[in-house]
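Subject: Structure handover

Hello,

Here is the structure you were due to receive. Please open it first, then read on.

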Amino acid sequence: MPVTGDWRPPRAPDAVSAVVTVPGSKSLTNRYLVLAALAESDSVIRGWLASRDTQLMIAALGSLGAQITEVDGALHVTPIDFTAAADAGPAVVDCGLAGTVMRFVPPIAAATGREVVIDGDEQARVRPMGVTIDSLTRLGADITATGDSLPLTIHAGSALRGGHLEIAAGASSQFVSGLLLAAPAMPLGLELRNTGQAVPSRPHVDMTLEVLADAGVDVSEPEDEHWVVEPGLPRGLDVVVEPDLSNAAAFLAAALVTGGEVTITGWPVHTTQAGDDFRRIAEAFGAAVDLDRHGLRVRGPQRLRPVDLDLSAVGELTPVVAAVAAVTPGTSHLSGIGHLRGHETDRLAALTRELTALGVRVDEEPAALTITGARPGAGTWHTYHDHRMVMAGAVLALVAEGIVIENAGTVAKTLPEFTLLWEDMLGHGA
């Protein structure tokens, strides 16, 4: 069984050599689920990721009226009947700590016309929701919330008419994606413009645009960060979810820090997943990277070289990249990551605290980390209920003796079997 408590991950005695298959993308799974719940006919989603975040999405959409069942490993989805939803009575949605549920489900809930209470884990109540609350209010929803965070109540009789909307989406791409995904169900469609700082993690918006178009929705971006979605429900889906490339990053990082070779099977030639950018990141550290029909192969260099990387578009990779930088001779600079302070935890503060405790020098700035590599010492690596912190700690433990990862079970948010896959990669599996 996967480790659920504290975990002492194995140290690599020599260069790692492995072929790893990772499950489907969380980001794609949850987007497909939302579109399937809105669709004009039934859908089938194959190769989906079973994790806490996706199970929370399934439960949330189920509480709003979608019927989602697993048959022979695939999800079969009967969409929400919006004509009957308003008479179905109040509903309760648990977001857990899933940002996609927090930002994608409220627009769908408002479109049903029923009363819906939305809440989540204690840590979720500090994540920003003001843009979502304000956007839905301006589009016609009646919402009660304390401040700009969960919990919130969408009152019965709410209806999203759509139209023109301007938002400041510099804190999270999920604000944009949540509105775009719900837009086909709005009678006027949606013309959405970002008037604030550039949207971080832009590949996630590109992913949203692609899945909408693939489902037959008329969506365009006539100008940068100005999107238009015409009304009209998506067609039913029959899709296979790509492997989760962000989850794959930790396994590829094992090749970097040990000078080994790791292949991830099924790596797509074309993808909008942010994790695909780890190819560029690995090369910056000095690795050799090859993509062919067998998958993506990364061969670590004999000596890692320091990097200067703007990670604004791929912030979710930062913890693993920081772990590699922490064992790289010289000084590396990771910038464009201020938005990570509003994720599962303040990731910049968490990485600074934990790396410093292991003897690595970290200079923390408002939107950047400067890391001077060193051989990490022993100690407890705290995870702050953040799945990416578990993965970063496992990378460090490959080259450091005596690292214990606290609450490794929190990785179940996106990859429940992570500890099993990790130990199998190192030949420590059952």
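Below are notes on the whole chain, then on selected strands, one helix and three single residues.

This is a predicted model, in which local features need pLDDT of at least 70 and side-chain atom pairs count only at pLDDT 80 or more, while totals for chains, interfaces and linings use all residues. Residues are numbered from 1 along each chain as its sequence is written, and side-chain values use heavy atoms, with hydrogens and water left out.

**Whole chain**

The protein chain has 13 helices and 22 strands. Both kinds of element are DSSP runs, numbered from the N terminus (helices: H or I, at least four residues; strands: E, at least two). The radius of gyration is 21 Å, which agrees with the value near 22 Å for a compact globule of 430 residues. That radius is taken over C-alpha atoms, and the globule rule is 2.2 Å times the number of residues to the power 0.38. Along the principal axes, the C-alpha atoms fill a box of roughly 60 × 45 × 40 Å.

Of the 430 residues, 59% count as buried. Here buried means under 20% relative accessible area, exposed over 50%, and partly exposed in between (1.4 Å probe, protein chains only). The chain exposes about 15500 Å², and carbon and sulfur atoms supply 49% of that area. Areas come from the Shrake-Rupley method with a 1.4 Å probe; for residues, only the protein chains shown count as cover.

Take the contacts with a separation of 6 or more: 73% of them are between residues 24 or more positions apart. Contact means heavy atoms within 4.5 Å.

There are 29 positive and 52 negative charges, and their mean positions are 5 Å apart. Lys and Arg count as positive, Asp and Glu as negative; His and the chain ends are not counted. Each charge is placed at NZ of Lys, CZ of Arg, CG of Asp or CD of Glu.

**Strands β10, β11 and β12**

Strand β12 (residues 226–229) is covered on both faces. His226 and Val228 are buried on one side, Trp227 and Val229 on the other. β12 has antiparallel partners in β10 and β11; two strands pair if DSSP finds at least two bridges between them. Strand β10 (residues 190–194) is joined to β12 by four bridges. Arg193 has His226 as its bridge partner there. Strand β11 (residues 219–223) is joined to β12 by three bridges. Ser220 is matched with Val228. The hairpin of β11 and β12 has two residues between the strands, and Glu225 takes a positive phi near 60 degrees in it.

**Leu165**

Leu165 sits in strand β9 (residues 163–167). Its relative accessible area is 1%, so it is buried. Leaving out residues up to four places away in sequence, Leu165 touches Ser135, Arg138, Leu139, Leu179, Leu190, Glu191, Leu192 and Arg193. Leu165 and Leu190 are 25 residues apart in sequence, with 7.4 Å between their C-alpha atoms.

**Two more strand pairs**

Strands β3 (residues 67–71) and β4 (residues 74–78) run antiparallel, joined by five bridges. Thr69 has His76 in β4 as its bridge partner. Two residues lie between the strands of this hairpin, and Asp72 takes a positive phi near 55 degrees.

Strand β1 (residues 17–20) pairs in the parallel sense with strand β14 (residues 261–264), over four bridges. Val19 has Thr263 in β14 as its bridge partner. β1 has a covered face, Ala18 and Val20, and an uncovered one, Ser17 and Val19.

**Helix α10**

All nine residues of α10 (residues 318–326) are buried, so the helix is largely enclosed by the rest of the structure. Among them are Thr318, Pro319 and Val320.

**Ser335 and Pro128**

Ser335 belongs to strand β18 (residues 331–335). Its relative accessible area is 18%, so Ser335 is buried. Neighbours within four places in sequence aside, Ser335 is in contact with Leu309, Asp310, Leu311, Ser312, Ala367 and Ala368.

Pro128 is in the loop between β6 (116–119) and α5 (130–138). Pro128 counts as partly exposed, because its relative accessibility is 32%. Not counting residues up to four places away in sequence, Pro128 touches Arg103, Asp148, Phe175 and Gly342. The C-alpha atoms of Pro128 and Gly170 are separated by 11 Å, and the two are 42 residues apart along the chain.

Best regards
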